[in-house]
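Me: I would like to learn how to read a model feature by feature. Could we start with charged side chains?

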Amino acid sequence: MSNPNARPRSIALSRWSAECVTHFINFGYVGALWGFFNPMSSGQIGKFTRPGPYYYGATIGSIVFVSKFVSGGLAVARNRDDALNELFGFGAVGTYWWKVLSSDTRILWNNRFVSGALASAVIYANAA
């Protein structure tokens, strides 16, 4: 039975933004844990370097953020939460991977942008 006084379910902007940030933080931690235990090859045989957990955390966190940002934005625009939104989010991740994460220089700039955004968010949260 449906309740006639119940409000229709809508996808709010606050839920969308909270979901984006929450997924970024959670998968940033997952990426950081991955970075603690996964060395990268330096191109020389037998030589491995450790770029640090932040490298993996920022990269994996930003990939998940792009996915949730696009799929959630489409859900808010359409006011429907379905598989089509996730498909567009997956396509956005593919484009993001191809355009932004295709070279080491772009990955470094991506991680710098992510760290600037995180620092700004922390400063804003403490100042407000």
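Reply: Start with Asp82. In this predicted model, Asp82 is partly exposed, with a relative accessible area of 26%.

Me: Which residue forms a salt bridge with Asp82?

Reply: The general idea comes before the case. Side chains of opposite charge can pair when their charged atoms come close. Here the partner of Asp82 is Arg78, and the closest N and O atoms are 3.0 Å apart. That falls within the 4 Å cut-off for a salt bridge. Arg78 is partly exposed too, at 27% relative accessible area.

Me: How many salt bridges does the count come to?

Reply: Two. Arg15 and Asp81 form a salt bridge as well, with 3.6 Å between the closest N and O atoms. This pair links distant parts of the chain, 66 residues apart. Arg15 sits in helix α1 (residues 13-37), while Asp81 sits in the loop between α2 (53-78) and α3.

Me: Are Arg15 and Asp81 buried or exposed?

Reply: Use the cut-offs. Buried means under 20% relative accessible area, exposed means over 50%, and partly exposed lies in between. Arg15 has 36% relative accessibility, so Arg15 counts as partly exposed. Asp81 has 42%, so Asp81 also counts as partly exposed.

Me: What about the backbone in that loop? Which residue has a positive phi although it is not a glycine?

Reply: Look at Asn79. Its phi is about 55 degrees. Asn79 lies in the loop between α2 and α3. Its relative accessibility is 40%, so Asn79 counts as partly exposed.

Me: Let me step back to the fold. What does the secondary structure of the chain come to?

Reply: Four helices and two strands. Read the order from the N terminus: α-β-β-α-α-α. Then ask about burial across the chain. Of its 128 residues, 27% count as buried.

Me: Where is confidence in the chain lowest, and where is it highest?

Reply: Read the chain value, then the elements. The mean pLDDT of the chain is 80, and 80% of its residues reach 70 or more. Confidence is lowest in strand β1 (residues 40-41), with a mean of 58. Helix α3 (residues 83-99) has the highest, at 92.

Me: Next, the surface. Which residues make the nonpolar surface patch?

Reply: Val21, Ile25, Tyr29, Phe65 and Phe69 make it, and its area is about 480 Å². Now ask which elements contribute. α1 and α2 each supply at least two residues of the patch. α1 gives the most, with three residues.

Me: Take one member, Ile25. Why does Ile25 count as partly exposed?

Reply: Its relative accessibility is 38%, so Ile25 falls into the partly exposed class. A residue needs over 30% relative accessible area to be in a patch. Ile25 is found in helix α1.

Me: How do I read contacts between parts of the chain? What separates the C-alpha atoms of Ile25 and Ile60?

Reply: Set the separation along the chain beside the distance in space. Ile25 and Ile60 are 35 residues apart along the chain, and their C-alpha atoms are separated by 9.9 Å. Val64 offers another case. Val64 and Gly28 are 36 residues apart in sequence, yet 8.8 Å apart in space, C-alpha to C-alpha. Val64 lies in helix α2.

Me: Is Val64 buried or exposed?

Reply: Buried. Its relative accessibility is 15%, so Val64 is under the 20% cut-off.

Me: And Leu108? Where is Leu108 found?

Reply: In helix α4. The C-alpha atoms of Leu108 and Ala58 are separated by 9.8 Å, with their positions 50 residues apart along the chain. Leu108 has 43% relative accessibility, so Leu108 counts as partly exposed.

Me: Last, empty space. What volume has the largest pocket?

Reply: Rolling a probe the size of a water molecule over the atoms shows where empty space is left. In this model the largest pocket has a volume of about 330 Å³. Its lining has 14 residues. Those nearest its centre are Phe24, Phe65, Val114, Ala117 and Leu118.

Me: Which elements give two or more residues to that lining?

Reply: α1, α2 and α4 (104-127). The largest share comes from α4, with seven residues. Phe65 ties two topics together. Phe65 is part of the nonpolar patch, and Phe65 also lines the largest pocket.

Notes:
Residues are numbered from 1 along each chain as its sequence is written. Side-chain values use heavy atoms; hydrogens and water are left out. pLDDT is the predictor's confidence in each residue, from 0 to 100. A salt bridge is a side-chain nitrogen of Lys or Arg within 4 Å of a carboxyl oxygen of Asp or Glu. Buried means under 20% relative accessible area, exposed over 50%, partly exposed in between (1.4 Å probe, protein chains only). Patches are made of residues with over 30% relative accessible area and no salt bridge: like charges are joined within 9 Å, nonpolar side chains (Val, Leu, Ile, Met, Phe, Trp, Tyr) within 5 Å. Accessible areas come from the Shrake-Rupley method with a 1.4 Å probe; for residues, only the protein chains shown count as cover. On a 1 Å grid over the protein atoms alone, a cavity is a set of points where a 1.4 Å probe fits but cannot get out, and a pocket is an open set with protein on both sides within 12 Å along at least five of seven lines; lining residues have an atom within 4 Å of a point. Grid points are joined across faces, edges and corners, and a volume is the space filled by probe spheres set on the points.
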